[in-house]
Amino acid sequence: MSAPYPDRNPFPPRGTTSMEERVSDDSLTEWRAKIPTLSLPAVIALTDLLVTYVTRFGTPQARGGVTLLHGEHGSGKTHTVRYALSRLSLEAGHKPPLRCYVKAQDQDFVGTYRRLMGQLSQANLRELSLGFLAAIAAEQAGTDTAARTVRHDPELVYALFESYLVEPGAVLQAQAAELSKVAGGREDFQRALTYLLDDQLAGAAYNWLVGNPIDPVDVKRLGVRGPIIEPELCRYGIQLLVGISVRSGRPIVVVVDQCERLLLDERQHLHMPNVGLLHTLIEAVPQAGGMLVLVGSAELWSQLPPDLRQRVGTNDIASGALTMGQAIQLLELYIGLVTGGSGCHPFTTGAVRALLTVTGGNIRRLLQVSFEAFEEATVERDLIDAATIRRAAGGGRALLARIDAERAIERLLLDEKVAFVRDWHTGAARASFAVETDGVPSLLVHVTDALFSDDEVRNALDSLTLVEQVHRNRWPARVVVVVLGYISPEVVAGLSRAAHDVIVFTGAGSIEVLRPVVGNLRSSAIGPADLGQLQEIQDALRILAASRDEELAQLRREVARLSSEQGRPDRAGTIRGQWAERRLQLVERIREVRGQRRERELQELQRLHDAAVQDRRAQTLTVGGIGAAMLSFLAWLVTLLNKDGAAVVGIALAAAGGLAVVVWMLFQVRRTLPTGLQALGVGFVCVVLLAAGGVLINGATSYSPSDFEAARTTASVLLVASALVVGALAVLHLADAFTSDRLRTLRGPVESAERLEIAARALVLDPSPRSWRSSFRLLIDRDPHLRYAGLLAAAGLDRKSELLDLLRREPSSVIRRAAAEHLATEPDRALSLRMRELAERERLREVAYYVALTAPNHVFEKVDRLGLVDQLSAQARGMGSPLDAVELMLGADAGRALAGELLRAFKGQLRPADRVVSQAPERAINRALSMLSPFEPGGIGTLDEMPAIEEIDEWYLFFEQLSFYRNAVQTGPAAVEEVRSS
């Protein structure tokens, strides 16, 4: 009984095999139910790799990894990925894995990043951010119960903060330290993650993280430098996503499909910037505990650098052509879905062979041709044989024959002008084409039919005995086997070991790989003619030497002189080499000077903070001392009345002293008060209160008036002398003990500007009822650390007037710079006019940061240095006129023509012999160096945190090079050495 004929076409039509980028459990489950999957080696390998990663996640055996699935277009790579991801939805552990799938469309790494991150909703990213924060808080909790609780429910991390079981500042610092490693030291990602948990700025933080356009106001409110438009930032963003997912206890699989579009250009050459980014991800993602799956073409795999392929290691998975048995199984799967039976009826064995031949074993093409063949045969419900397959294919490989391959090879040999022999044979050795040199074959090309099994390959090689004869006769011949249409993956390895090259003929283009081989043969073939020409030249020289010995001697001396001069570098080369050394010195000096400036800024901030701490202590001591003195004086007045009053005061003091001792001991147990002399001073206050109270009680119960007078005097002295000094110290430390953790952290020493921002932001974002984030009293505090927190609070509420006032009166350059940056939320002409007035009157250099972040803003175009900052910042954003910037550097007298020449030299390569070196006025060069200098106080290169600082440095080094060449050309090598020594 024959198998049932399918009542409908079981094969997918063209264009139905693509995969959407947003994957979900429901879509994957539905897809698995509808689309069959053949257990090919690539499918098994990738599925096992991903399932093993997810099932072992969170165990000591857990490992991140990277794999590269490669093969021809249509070989089933995307289907393999989809199936492996669908298996994860069924076999995941406690937390479902995070699956991120994206298809590269071109070399735009930023666009690929946006599509990848855009698959995550704001709620997804918030959950990951909260889980990341909870994981760090769990480590800081110190108790297993609290740690397990917060890991199970990350929302409880706020309860840990409010109960003081975990210090928020320490958690934020630990979070910042981890993110700094992931994001290359950039603080923007840490700020954005923090604001994901803030209801007001969560939307802006999400848009920034996923690379969406973001309002300039939100840029400043978030405290980031700008939107994600740099590929390097995108790479950090992917690393961040992997890091926070793994730390929150959720496995993550990142799939980048069609990598060849990202890494290969139009000429199929590697696009090295993207290769470098991918190389970094291949190292970083597995280290963070994530799984990175790259999918690319066979061409991409062959061109990848060796070190990158080594990083993939044994996890490269090849998706090759189908074998005969696999093709039959694939047909059976699709037909069985419709008929419910087994077998591949109505396809005959001849039809399967024809399918492999016309499609090359490519899964996509095989299914497409099967669809067309079924449509043709279904009308008559005929068997599908080889003839049906050829008609359905309609062209392409279906019409290719041996004659087509032979004509293509013959045309290539004729184009390369290489003599060849058709149907060559010598003894038992036979080849379709042979290229001979001196009667010995140097290239042998054999054309054979499609190869489906080991037996056919063995028969083909045995019948020809071509390779054996080549080895036996020790011919220096390259053996090439051209296979028509298809070669089974089972036999590729054996055939490749026998022949030097194996080519599957799919059209004339597939033979082009032979062109460089033939070209090399052509070069070696004309080698003897070249030697003959050299012999003729030598003979002519001998004749010339016999008749004109003197002329030949002179010729030899001239050649020797030219050779010696050619071996020495010319003066221009010497100057360029010396400038290279000078440039390295300048770059190193710039780096050192900037480090020194950062250190001075931090020292300035620390001095202001120390002064504020001393003032706060002096104020506390003064207030506490005055209060203690007044209380002591009142107590002394009471003792003057009578003995009963003295007894009451004595009892009160003794009770207060006893209670103070108990409280002091509790503080010591909780380690709230510091140890050492300060703690001893607080304890001494307690002892003084007890002693004074005891003396007064003793005097009041005495029967002698003199005894009472002595007790009263002693108690008064103790109260006044001790309470003035030690009592104020107790007040100071008791006030610090009841201060919030975040405020106490901010009032302490800060080792870097980054730590200051973390502590200040933690205070501003404090959700407790005692929050300081709405209090602008911070802006007028004497402590610069608290003023910085006030700056963040004012910037978050867009209070420009308070920020402008702070900028005007602030002594710390760090805070002035931050205020200027936060003022630059959006172009505001009225504010820009006030900033210009402030810059001209107060000489505040930090205004340049405002100008840089609001460019282009023509309010500052007449202020030379601020106008130049405006122009350079605009160019960094792809706006503005480069010529205008060069004119500002040179001054109005230099002229636009000179500016144009310098701009062309800057974009090209400046040489000592260039006309602009001698024509550029020295005054203009010195003006540009002064404006751009990273060393002189007025140079914009000293604004080290400027967004366009790299462009500023490049222009400064360019004018230094121009000056260097100018001095060298005008005054000679001595001047060059003088410049170098300076």
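1. Start with the hairpin, keeping in mind that this is a predicted model. E6 and E7 form a hairpin, and two residues sit between the strands. One thing to look at in the turn is Gly427, which has a positive phi of about 65 degrees.

2. Now the pairing itself. Strand E6 covers residues 421-426 and strand E7 covers residues 429-437. They run in the antiparallel sense, with five bridges linking them. If you want to check the register by eye, two pairs help: Thr426 stands opposite Ala429 in E7, while Val421 faces Ala434 of that strand.

3. Next, the sheet around the hairpin. E6 and E7 belong to an open sheet of five strands, ordered E6-E7-E8-E9-E10. Don't expect one sense of pairing throughout, since the sheet is mixed. Which strands stand at the edges? They are E6 and E10, the latter being residues 501-505. Each has a single partner strand, so one side of each is left without a neighbour in the sheet. From one strand to the next, the twist averages 35 degrees.

4. Then there is a helix pair worth a look. Helix H18 (residues 349-359) and helix H19 (residues 363-377) have axes that come within 9 Å of each other and cross at roughly 125 degrees. A crossing at that angle makes H18 oblique to H19, because it falls between the 65 to 115 band for roughly perpendicular and the over 145 cut-off for roughly antiparallel. As for hand, H18 and H19 cross in the right-handed sense.

5. What makes the contact between these helices? On the H18 side you have Leu355, Leu356, Val358 and Thr359. H19 brings Arg365, Leu366, Val369 and Ser370. Sorted by class, the contact of H18 with H19 comes to five nonpolar, two polar and one charged residues.

6. Finally, a word on confidence. The protein averages a pLDDT of 74, and 69% of the residues score at least 70. Two stretches deserve a flag in any write-up. Over residues 671-677 the pLDDT stays under 50, and the model has 11 contacts beyond four places in sequence for them. Residues 769-773 also stay under 50 in pLDDT, with 13 contacts beyond four places in sequence.

Terms used:
Residues are numbered from 1 along each chain as its sequence is written. This is a predicted model: local features need pLDDT of at least 70, side-chain atom pairs count only at pLDDT 80 or more; totals for chains, interfaces and linings use all residues. Side-chain values use heavy atoms; hydrogens and water are left out. Axes are lines fitted to C-alpha atoms, for helices over the stretch in contact, and angles run from 0 to 180 degrees between N-to-C directions. Helices (H or I, at least four residues) and strands (E, at least two) are DSSP runs, numbered from the N terminus. Angles under 35 degrees count as roughly parallel, over 145 as roughly antiparallel, 65 to 115 as roughly perpendicular and the rest as oblique. A crossing is left-handed if the near helix is turned anticlockwise from the far one by less than a right angle, and right-handed if clockwise. Contact means heavy atoms within 4.5 Å. Ala, Val, Leu, Ile, Met, Phe, Trp, Tyr, Cys and Pro count as nonpolar, Asp, Glu, Lys and Arg as charged, and the others, Gly among them, as polar. Two strands pair if DSSP finds at least two bridges between them. pLDDT is the predictor's confidence in each residue, from 0 to 100.
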